[in-house]
Amino acid sequence: PLFPISFIGFAPQDVMRQCIRCIAQPDAVYQRKGKNWYITSADCEFVVNAGSGTVITAHRRPPPQNGS
C-alpha cells in the first residue's frame, strides 16, 4: 500500500473485507455531500468517492460510553 493503514485496527490483508463488512451493515447511514459519500455504521466511518468508489478515509468509531 501507499500508506500505513493499521490506524483503523485491521490487518493489511483484511482491510477491504472489513470496509465492505462495515459499509454493508444494516445500520449504516449513507449521506452524499458533493462528490463523496459519507458512510457511518456502528463501529466505522468512511468517506468514499462517489464517482470511482475509492475509499478515501476509514476510521474506527469509539465504543459508546455507558453514562461515564
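## Strand pairing

Let's start in the middle of the fold: β2 and β3 run antiparallel and are joined by 5 bridges. Together they form a hairpin with 3 residues between the two strands. Keep in mind that this is a predicted model.

On its other pairing, β2 meets β1 (residues 29-33), again in the antiparallel sense and over 5 bridges. The hairpin of β1 and β2 has 2 residues between its strands, and Gly-34 there takes a positive phi near 65 degrees. Trp-37 is a handy residue to follow across these strands: Arg-32 stands opposite Trp-37, while in β3 the bridge partner of Trp-37 is Val-48.

## Ser-41 in the loop

Between β2 (36-40) and β3 (44-49) there is a loop, and Ser-41 lies in it. Is Ser-41 buried or exposed? Its relative accessibility is 4%, so Ser-41 counts as buried, the cut-off being under 20%.

Who are its neighbours? Leaving aside residues up to four places away in sequence, Ser-41 touches Cys-22, Gln-25, Asp-27, Ala-28 and Arg-61.

## The chain as a whole

Stepping back, the chain has 1 helix and 4 strands, arranged α-β-β-β-β from the N terminus on. Of its 68 residues, 25% are buried. The accessible surface comes to about 5000 Å², and carbon and sulfur atoms account for 59% of that area.

As for contacts, take those between residues at least 6 apart in sequence: 13% of them join residues at least 24 apart.

Definitions and conventions: Residues numbered from 1 in each chain as written. Predicted model: local features only at pLDDT ≥ 70, side-chain atom pairs only at ≥ 80, totals over all residues. Heavy atoms only, no water. Buried < 20%, exposed > 50% of the residue type's maximum accessible area, 1.4 Å probe, protein only. Contact = heavy atoms within 4.5 Å. Areas by Shrake-Rupley, 256 points an atom, 1.4 Å probe, with all protein chains shown as cover. Pairing = 2+ DSSP bridges.
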